[in-house]
Amino acid sequence: MNRLEALDHFHKTYGEAVLNQKLHQVASLYEHRKEELIFSFIHSFQLICLQANSAEMAKISIGYITYSMRRTYLMDRNYNYVIEVYGRNWYFDPQPWHGTYDAGWAFSLLAELEDELNQLRKPYMNKVIQPDVERYVLQAAWEFHQYILKLAKDAIQQAVQLPEFQALKCENDLEIRIGEYKGISEVVYPTAYGVLHDSTG
């Protein structure tokens, strides 16, 4: 068995099975702790809105609020999503306002996936090495992210009712997005579908 065959065997024999097991655990955990997790997400949103209501933001009309997974953080087992508030120019805005959301409830299982696969690769000798596992785990991160996306969708209608959000001065086409840092993201709340507050501030 050459290295490519060993990798293929490893992924099909162990990778997929352990990944599916961990994703099942995340799904179960989400269903059992859903209300608690929604509360925690809303709290993170409330904090960033408070920051965005500060004096420095008074002159800025908010165009985007983003929650971003960062793979560089995941490699260090830091499971915080970065929350950022931007004006209408989004990433071209020189001074976004930052917060964090702790997604460890889901991504700690990604760490378990990595640890278990590192044990399971050992019988393959040096044909499956640690960087192979790291690559597999980073690719799998997007599947764990889907549960953060689901949480955001389940929580956002309550979150945008918060007085801290209602007080924000926003663009008419404000978007709240969840995704990968400066990469693929999904809109979970577009005001174009029905603004809930006076965007004139």
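Q: Among contacts between residues at least 6 apart in sequence, what percentage joins residues at least 24 apart in the protein chain?
A: The model is a predicted one. Among its contacts between residues at least 6 apart in sequence, 72% join residues at least 24 apart.

Q: How many helices and strands does the protein chain have, and in what order do the elements run?
A: The protein chain has six helices and five strands. From the N terminus on, the order of elements is α-α-β-α-β-β-α-α-α-β-β.

Q: What does the C-alpha trace span along its principal axes?
A: Along those axes, the C-alpha trace of the protein chain spans about 65 × 35 × 25 Å. The exposed area of the chain is about 10500 Å², of which carbon and sulfur atoms supply 52%. Buried residues account for 47% of the 201 residues.

Q: In what order do the strands form the sheet, and is the sheet open or closed?
A: The five strands form an open sheet in the order β3-β2-β1-β4-β5, with mixed pairing. Strands β3 (97–102) and β5 (185–190) are the edge strands, each of which pairs on one side only. From one strand to the next, the twist averages 20°.

Q: Which way do β1 and β4 run, parallel or antiparallel?
A: Strand β1 (residues 62–69) and strand β4 (residues 170–180) run parallel and are joined by seven bridges. One position illustrates the pairing: Ile65 has Ile176 in β4 as its bridge partner.

Q: How do β1 and β2 run, parallel or antiparallel, and how many bridges join them?
A: Strands β1 and β2 run antiparallel, and five bridges join them. Across this pairing, Tyr64 stands opposite Tyr86 in β2.

Q: In what sense do β2 and β3 pair, parallel or antiparallel?
A: The sense is antiparallel, and the pairing of β2 and β3 extends over six bridges. Here Ile83 stands opposite Gly99 in β3.

Q: Is β2 largely enclosed or largely open?
A: A residue counts as buried when its relative accessible area is under 20%. Six of the seven residues of β2 are buried, so this strand is largely enclosed by the rest of the structure.

Q: Which strands does helix α5 lie across?
A: Helix α5 (residues 130–159) lies across β1, β2 (80–86), β3, β4 and β5, and runs at about 5° to β5.

Q: Where does Asp154 lie, and is this residue buried, partly exposed or exposed?
A: Asp154 lies in helix α5. Its relative accessibility is 27%, so Asp154 counts as partly exposed. Leaving aside neighbours within four places in sequence, Asp154 is in contact with Tyr30, Lys34 and Ile38. Asp154 and Glu35 are 119 residues apart in sequence, yet their C-alpha atoms are 9.8 Å apart in space.

Q: Is Lys22 buried or exposed?
A: Lys22 is placed in helix α1. Because its relative accessibility is 2%, Lys22 counts as buried. Not counting residues up to four places away in sequence, Lys22 touches Leu109, Glu112, Leu113, Glu116 and Phe144. The C-alpha atoms of Lys22 and Ala106 are separated by 9.3 Å, although these residues are 84 residues apart along the chain.

Q: Where is the place of Gln21, and is this residue buried, partly exposed or exposed?
A: Gln21 has its place in helix α1 (residues 3–32). With a relative accessible area of 43%, Gln21 is partly exposed. Gln21 and Leu109 are 88 residues apart in sequence, and the distance between them is 9.7 Å, C-alpha to C-alpha.

Q: What sign of phi do most residues other than glycine have?
A: Most residues other than glycine have a negative phi. Arg77 departs from this pattern, with a positive phi near 60°. Arg77 lies in the loop between α3 (71–75) and β2, and its relative accessible area of 37% makes it partly exposed. Lys182, also not a glycine, has a positive phi of about 50°. Lys182 lies in the loop between β4 and β5.

Q: How many positive and negative charges are there, and how far apart are their mean positions?
A: The protein chain has 19 positive and 26 negative charges, and the mean positions of the two sets are 4 Å apart.

Definitions and conventions
Residues are numbered from 1 along each chain as its sequence is written. This is a predicted model: local features need pLDDT of at least 70, side-chain atom pairs count only at pLDDT 80 or more; totals for chains, interfaces and linings use all residues. Side-chain values use heavy atoms; hydrogens and water are left out. Two strands pair if DSSP finds at least two bridges between them. Helices (H or I, at least four residues) and strands (E, at least two) are DSSP runs, numbered from the N terminus. Axes are lines fitted to C-alpha atoms, for helices over the stretch in contact, and angles run from 0 to 180 degrees between N-to-C directions. Contact means heavy atoms within 4.5 Å. Buried means under 20% relative accessible area, exposed over 50%, partly exposed in between (1.4 Å probe, protein chains only). Accessible areas come from the Shrake-Rupley method with a 1.4 Å probe; for residues, only the protein chains shown count as cover. Lys and Arg count as positive and Asp and Glu as negative; His and the chain ends are not counted. The place of a charge is taken as NZ of Lys, CZ of Arg, CG of Asp or CD of Glu.
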